[in-house]
Amino acid sequence: MRRIATIILLAFLAMPAWSQFEHPDLKSGKAVVKTLVILPPNVRFVKNGVKSVEEMPEVSRDLENALPPLITEALNQKHYEVNDKAFSSDALEKDSDLKYAVADLQKRFDEVLPQMQRKPKDVRKGRFTLGDEVAKLNPGGTADAMIFVRGFGQTVTGGKSFLSAMAHNYTYSGMFYHIAVVDAHTGNVLYYGVAGGLGSHLVKTPSAGKSMEKFFKNFPEGKSSS
Amino acid sequence: MRMMTPGKRHLPLVLWLDALCLLIFLSLPPGIAQAQDPHGPFKFTKIDLELLQQSNQADEEVTRKGLVFDDPAAAAYIEEIGMKVVPEAPLENVKWRFRILRDPEPNAFALPNGTIYVTSGLLALMQNEAQLAGTLGHEATHVTNRHSYLENRSARKKIATATVFAAIGGAASGGNGIAGIAIRSVVGRIIPSLIASTIFGYSRELEHEADVYGLQAMARNNYAPDQMGAVFETLKSGYEVDLAKEQHGLYTDHPRLDERIKYVNEMSETLKLQGEPVVRAAEYSRQMERVMRHDISLEILTGRARTAVGVAKRLTELNPDNAENFYWLGEAYRALGGRMFRPQAEELTDSAKNAARKQLGKMTIFEYEASLRTTPQGKTVWAENVKLAEAAYGRSLALDPNYAKAICGQASLYDEDGRAAQALEGYRKYLELAPNAMDAYRVKKRVADLEKTAAVPAPTTTTSQN
């Protein structure tokens, strides 16, 4: 019975992209999105071994750097304009006020994220917002939406896999991305979902690109189709 | 003839697995299996060097992510005090650095590479230079005595053992009888828990050692050692309602605060100083003024409005001629919303804390804040806080009538309080004074929304608004 439950759970977890949840204003066309900016993604990747769980900062940073162009590509295919340079490391280094404002907004997102994870369907009710403070990072109102990305992943060593299997506490390698598209004027969460899945291959950049494409597959078409 | 019970049938397997476990444990590399004497010459193993590299990377990460507060004057001051309490002799693979972490939670920590982080939250709560010296001395001890390396080695060894025991628990539970479950429970669950507890116990010893060395470092520099206990008292009293469930016993990495205050105070009485004890409260406050102001914004951001009010009040007392300090007091009162500055007795009961925890577990910070204002009591408290905020903004504007931030803060207060006309007037004035401010777009948008909804006509003369 336990094995069957595990298999069902695995099949569910291994789905490359989970459901996405859309704000009613986005669905109805009331919230018009043409241009998006990407906030620096935060990725945490660890190596889960027998002796410890070690941070893998290089892998995390590589993924953080790889994600904005991959998201841009996925959204360009849907005819959106994406600015992935507005909050680049260079831009933030030049302006400490901007750097702090970005860090504070990221913190705010991290506070709202657990509730979105808990009840993602509430995005469809328009429940989640980061507040209109987001507009601080939208000088001139040039962007319609902001993209927040949080990645969590691990690679499990052979020894850990073996021992955890012995303990019936199966541990797997994988990579998951929580992605939210937030209205850059009001702070409302317009679109949220999880991309990625189980498997060590998902850490690699091409797989991350595929995860992004799949994630935005159901995102409404951009301006050329409107 | 002996009766065969299900439990006895499993015994040989458990013994065999125990032997296997012992073998694995003994075959661990010596660097892992045996912690080195922290006071002797320290030999770096591969694992230590990996940790060192990770520390350097962590330093880069926090800077890159905007988590370090760049204030050269405050940083130089902290470094000056820090360098007094660290050992003079150079240490292998240690470069002393002192940084302010943009975090409202009062805390300090040291990385094994010698970088000591003190959060803005702690700096805002501490009262004087002696307290800062004590904190830095404590953290420097963790670096000097290589505590991170020792703890890492110890943890790795224990986690490995716990993983093996858990696996044995799983394998030994092949039988589904009661005995099988019992064996799995004992071997797989209880033993790993006991091992994990020794990890935290070990860490508490190191914390005690750091307290003792920190006190000695204070005394060497003539800093009043009783100020270390005062820091713990400050942490204990705090402004916020502590919603964290109290953790006693094994699962705490620091010795309990009361216990700590007791032994630190006892020890500080026995320490001999060379002259008059140094405290330097005024100098500390002067140097930390910018840090405190910055911390208020972080306290507000994270829903710690009571602390924000506490820090802002202190700032206005320290420097009553500064318009910015009163602006922050206004912001802090506005953020208090439906809460009173001092927690009420009914908020401190276990049931109230449980209810608050439950609400926070289900709500976003915005929803929680809004829910506080909807109760009858919350509405009354909000009205009081509006008056206090208004007075603070007013004082700020009396000191500097064109202080744009205070004008905007006051307008936001009116906006939240439903006074659209006054809010519009303030927002418009703000946009005239600071047309290129970072939040100018947000304010323009708000003006447009208010003009629509409140039917307040736009002024005939064109201002900077769209």
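## Close-up views of a predicted two-chain model

**View 1. Confidence along chain A.** Chain A averages a pLDDT of 85 in this predicted model. At least 70 is the score reached by 89% of the residues. Confidence in chain A is lowest in helix α1 (residues 2–13), where the mean is 57. Strand β2 (residues 35–38) of chain A sits at the other end, with the highest value, 95.

**View 2. The make-up of chain A.** Chain A holds 7 helices and 8 strands. Of its 226 residues, 45% are buried. Now take the contacts in chain A between residues at least 6 apart in sequence. Among these, 72% join residues at least 24 apart.

**View 3. The hairpin of β7(A) and β8(A).** Strand β7 (residues 174–183) of chain A pairs with β8(A). The two strands are antiparallel, and 9 bridges link them. One pair to look for is Y177(A) and its bridge partner in β8(A), A195(A). Between the strands of this hairpin come 5 residues. Look here for G187(A), which has a positive phi near 90°. Strand β8 (residues 189–198) of chain A is mostly covered, with 9 of its 10 residues buried.

**View 4. Around N42(A).** N42(A) belongs to strand β3 (residues 42–48) of chain A. Is N42(A) buried or exposed? N42(A) counts as buried because 20 other C-beta atoms lie within 10 Å. Which residues does N42(A) contact, leaving aside its neighbours within four places in sequence? They are Q106(A) and R150(A). E64(A) is 22 residues away from N42(A) along the chain, yet their C-alpha atoms are separated by 6.3 Å.

**View 5. Where chain B meets chain A.** This contact takes 37 residues from chain A and 31 residues from chain B. On the chain B side, four elements give two or more residues each: α3 (46–64), α7 (147–172), α15 (365–374) and α19 (440–453). Which element gives the most to this side? The answer is α7(B), with 11 residues. The side of chain B that touches chain A is mixed in class: 14 residues are nonpolar, 8 are polar and 9 are charged.

**View 6. Domains 2 and 3 of chain B.** Chain B is divided into domain 1 (46–270), domain 2 (303–401) and domain 3 (408–466). This view shows domain 2 and domain 3 of chain B, whose C-alpha centres lie 23 Å apart. Here 8 residues of domain 2 are in contact with 6 residues of domain 3. On the domain 2 side, α13 (323–336) and α16 (376–399) of chain B each supply at least two residues. That side of domain 2 has 4 nonpolar residues, 1 polar residue and 3 charged residues.

**View 7. Helix α12 of chain B.** Helix α12 (residues 305–318) of chain B has 14 residues. From first C-alpha to last, the helix reaches 20 Å. That is close to the 20 Å expected at 1.5 Å a residue. The buried residues of α12(B) include A305(B), R306(B), V309(B), G310(B) and L315(B). What do the buried residues of α12(B) pack against? Their partners are α5 (120–125), α11 (281–301) and α13 of chain B.

Notes: Residues numbered from 1 in each chain as written. Chains lettered and ligands numbered in written order. Predicted model: local features only at pLDDT ≥ 70, side-chain atom pairs only at ≥ 80, totals over all residues. Domains from an automatic or database assignment. Contact = placed C-beta atoms within 7 Å. Nonpolar A, V, L, I, M, F, W, Y, C, P; charged D, E, K, R; others polar. Expected span 1.5 Å × (residues − 1). Buried ≥ 20, exposed ≤ 12 C-beta atoms within 10 Å, placed from the backbone. pLDDT = per-residue confidence, 0-100. Pairing = 2+ DSSP bridges.
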